[in-house]
Amino acid sequence: MASLQNVFNISSSAMSAQSQRLNTVASNLANVDSATSSSGQPYKAKQVVFEATPVGTSGHQGVKVNKVIEDQLPPRMVHDPANPLADKDGMVAMPNVNATQEMVNMISTSRSYQNNVETMNAAKTMLQRTLTIGQN
Amino acid sequence: MDKLDALFDFNATALRVRAQRQEILAANIANADTPNYKARDIDFAASLKKALEANVASAANNAAVSSNGNMSLATTHGKHIPGGTGGVNEADLLYRPLIQGSVDGNSVDGEVERTAFVDNAIHYEANITMLNAQIKDMTAALSPTS
């Protein structure tokens, strides 16, 4: 019983890590055209780094977000002389967000999240079956 | 171990090992995107055998039922290493052989893990069915009207 209950802890840690990843994807996609920010620099794409971490009493590995890193790729230079942020050549530094990569990330996140929901549901069914031992 | 315990021992132990394996597989699925995580699993047959032997040994030693209700080896000296409760421990965890590597060093193969997970869940339910049948048999044998 205790092992099966720990499945909930493991899966929920993974689900919370994946939703944090989905948050960064949403943030990156929302800011795909944010040429400036509070620091005056174009927005930098953010990525989460996952880390396996023991959860519960058994020491099996759940997931947590170890850190959120900023993508170090150079900004995307766009020619737009009318933009007040343009330099003397008429180029504007745009965020280094790769929309294709973010979309792929989003699908992958969604699938992983679903996997963990399925895991949790299976554990729930097993626990409920366990409670019926000896009832008939 | 009395006869009733001995009767239920096999299925109860199998259920416990199955539940522990389910947890290990859930951890693999949870860490499908974690860099450098290596998928783990147990050799079910070997683990079950070990757990059953541990049960028999602890019953034979008449090891006292410890305060938390688990059967464990008696430690009569301060430097004795406490024995396990016949469950799966770190030493039983094996690494799954790598079929196809990935750049981030993660060795979880989603299909393999999910198949193992479902397979394990079905075996668990089958075990419960067996256990229920045994309980039914015993109830029939013990009931006064038959």
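Student: Why is the meeting of the A:R21 and B:D33 side chains called a salt bridge?

Tutor: This is a predicted model, and in it the N to O distance between A:R21 and B:D33 is 3.1 Å. The rule asks for a Lys or Arg side-chain nitrogen within 4 Å of an Asp or Glu carboxyl oxygen, so the pair counts. Across the interface of chain A and chain B, the rule finds two salt bridges.

Student: What makes B:R18 a charge over a ring?

Tutor: Its charged end sits 3.6 Å from the centre of the B:F44 ring. The distance limit is 6 Å, so that part of the test is met. B:R40 does likewise over the face of B:Y95, at 4.0 Å from the ring centre.

Student: And how many aromatic pairs are there over all chains?

Tutor: Zero, after a search of the whole structure.

Student: How do you know which residues touch A:M126?

Tutor: Contact means heavy atoms within 4.5 Å. Leaving out residues up to four places away in sequence, A:M126 touches A:L4, B:Q22, B:A121, B:Y124, B:E125 and B:I128.

Student: What makes the largest nonpolar core a shared one, in terms of elements?

Tutor: The core has 16 residues, and A:M126 is one of those touching the most other members, as are A:L4 and B:Y124. Two or more residues each come from α1 and α2 of chain A, and from α1 and α3 of chain B. α3(B) gives the most, with six residues.

Student: How much area do chain A and chain B bury between them?

Tutor: About 2500 Å², 61% of it on carbon and sulfur atoms. Here 32 residues of chain A are in contact with 27 residues of chain B.

Notes:
Residues numbered from 1 in each chain as written. Chains lettered and ligands numbered in written order. Predicted model: local features only at pLDDT ≥ 70, side-chain atom pairs only at ≥ 80, totals over all residues. Heavy atoms only, no water. Phe/Tyr/Trp six-rings, centres within 6.5 Å; stacked < 30°, edge-to-face > 60°. Lys NZ or Arg CZ within 6 Å of the ring centre and 35° of its normal. Core = buried A, V, L, I, M, F, W, Y, C linked by side-chain atoms within 4.5 Å. Buried < 20%, exposed > 50% of the residue type's maximum accessible area, 1.4 Å probe, protein only. Helix = DSSP H or I, 4+ residues; strand = E, 2+ residues; numbered from the N terminus. Buried area = accessible area lost by both parts, 1.4 Å probe.
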